[in-house]
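Please open the model in your viewer, with the sequence beside it, and keep a selection tool at hand. The tour below goes from one selection to the next and says what is to be found at each stop.

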Amino acid sequence: MDVPQPSARECLERLREGNSRFVQGTHDRTLLGWHPGIVEGQRPFAVILGCSDSRAPAELVFDQGLGDLFVIRVAGNVVAPSGIGSVEFAVEQFGTPLVVVMGHTRCGAVGATVQALEQGDSPPSKNLRSITDRIGPHIQSLLRLAQRQSTDRQLLMREAVRANILASTAQLRHGSALLEQLVESGRVVVVGAEYELETGRVNFL
């Protein structure tokens, strides 16, 4: 008999506790290793849509082991059809109740998008543009306001990262009829989070 998944609130608390261990340096590395029985199946308690940045691996940041998290990583934690499909697969197949969109401070993809908007240019590669074009619409108004108010560059980047996280979170909630139905019924919770490279802490937005 399958053990029911914990609630989204319990899953969120598990992530908070794991991140606290990560920050304090008390993480348990034995959780990360292979163990007998893992081939039999998986029951991840959370889906993490995160950035591909090498400094932001979700399993380490949340101090979780093999089989605990269903992780999707793409530069800028942008939401594309394949990413939505991956989230749909996890929540439907495994009953995973929590979906987290995790961006991070000093995100290179967001920085490249800010630069492209400021210079009125775009990356030379169409594949890179597919990323910046998804981020751009969510930070354009923020950039215009920052230019009028002469906002500090570091503050602009921080706000742009958060705006992109919240936009991706909203896209997951409303960009899929399946996910929207699961959210409305209370079976799935979708939240945004910002990982601070400077401290190692994850702040849920």
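## Helices that cross

Begin by selecting helix α4 (residues 108-119) together with helix α6 (residues 153-174), two helices of this predicted model that pack at an angle of about 110 degrees, with axes 10 Å apart. Since angles from 65 to 115 degrees count as roughly perpendicular, α4 is therefore roughly perpendicular to α6. As α4 passes α6, the crossing is right-handed. To see the contact itself, show the side chains of Val110, Gly111, Val114 and Glu118 on α4, and on α6 those of Arg153, Leu156, Met157, Ala160, Val161 and Asn164. Sorted by class, the residues of this contact between α4 and α6 are six nonpolar, two polar and two charged.

Keep α6 selected and add helix α5 (residues 126-149), whose axis comes within 9 Å of that of α6, the two crossing at roughly 145 degrees. This crossing of α5 and α6 is right-handed. Which residues of α5 meet α6? They are Ile135, His138, Ile139, Leu142, Leu143 and Ala146, and on the α6 side you should look for Leu156, Glu159, Ala160, Ala163, Asn164, Ala167 and Gln171. The contact of α5 with α6 divides into nine nonpolar residues, three polar ones and one charged.

For another pair, select helix α3 (residues 81-94) and helix α7 (residues 177-185), which pack at about 45 degrees with their axes 10 Å apart. That angle makes α3 oblique to α7, and α3 passes α7 in a left-handed crossing. The contact is formed by Ile84, Val87, Glu88, Val91 and Glu92 of α3, which face Leu178, Leu179 and Leu182 of α7. By class, the contact of α3 with α7 holds six nonpolar residues, no polar ones and two charged ones.

## Around α7

Stay with α7 and select Leu178, which is placed in this helix. Is Leu178 buried, partly exposed or exposed? With a relative accessibility of 25%, Leu178 counts as partly exposed, because that class lies between the limit of 20% for buried and that of 50% for exposed. Once neighbours within four places in sequence are left aside, Leu178 is in contact with Glu88 and Glu92. If you draw a distance from the C-alpha atom of Leu178 to that of Gly85, the viewer should give 10.0 Å, although these two residues are 93 residues apart along the chain.

Next, go to Gly175, found in the loop between α6 and α7. Not counting residues up to four places away in sequence, Gly175 touches Ile84 and Ala170. Gly175 and Val79 are 96 residues apart in sequence, yet their C-alpha atoms are 9.1 Å apart in space.

## A strand residue

Now select Phe70, whose place is in strand β2 (residues 69-73). Phe70 has a relative accessible area of 17% and is therefore buried, as the limit for that class is under 20%. Show the residues that Phe70 contacts beyond its neighbours within four places in sequence, among them Gln42, Pro44, Val47, Ile48, Phe89 and Phe94. For a contrast, draw a line from Phe70 to Gln154: the two are 84 residues apart in sequence, and their C-alpha atoms lie 32 Å apart.

## Two loops with a positive phi

Most residues other than glycine have a negative phi. With that in mind, select Asn77, in the loop between β2 and α3, where phi is near 40 degrees, a positive value in a residue that is not glycine. Asn77 is buried, with a relative accessible area of 2%.

Then move to Arg106, in the loop between β3 (98-104) and α4, which also has a positive phi, about 55 degrees, although it is not a glycine. Arg106 is exposed, its relative accessible area being 52%.

## The cysteines

How many disulfides does a search of the whole structure find? The search finds zero. Select Cys51, which is in no disulfide, and look for the nearest cysteine sulfur, that of Cys107, at 4.2 Å; this pair is not counted because a disulfide needs the two sulfur atoms within 2.5 Å. Cys51 counts as buried at 6% relative accessibility. As a last selection, take Cys11, which is buried with a relative accessible area of 1%.

Definitions and conventions
Residues are numbered from 1 along each chain as its sequence is written. This is a predicted model: local features need pLDDT of at least 70, side-chain atom pairs count only at pLDDT 80 or more; totals for chains, interfaces and linings use all residues. Side-chain values use heavy atoms; hydrogens and water are left out. Buried means under 20% relative accessible area, exposed over 50%, partly exposed in between (1.4 Å probe, protein chains only). Helices (H or I, at least four residues) and strands (E, at least two) are DSSP runs, numbered from the N terminus. Contact means heavy atoms within 4.5 Å. Axes are lines fitted to C-alpha atoms, for helices over the stretch in contact, and angles run from 0 to 180 degrees between N-to-C directions. Angles under 35 degrees count as roughly parallel, over 145 as roughly antiparallel, 65 to 115 as roughly perpendicular and the rest as oblique. A crossing is left-handed if the near helix is turned anticlockwise from the far one by less than a right angle, and right-handed if clockwise. Ala, Val, Leu, Ile, Met, Phe, Trp, Tyr, Cys and Pro count as nonpolar, Asp, Glu, Lys and Arg as charged, and the others, Gly among them, as polar.
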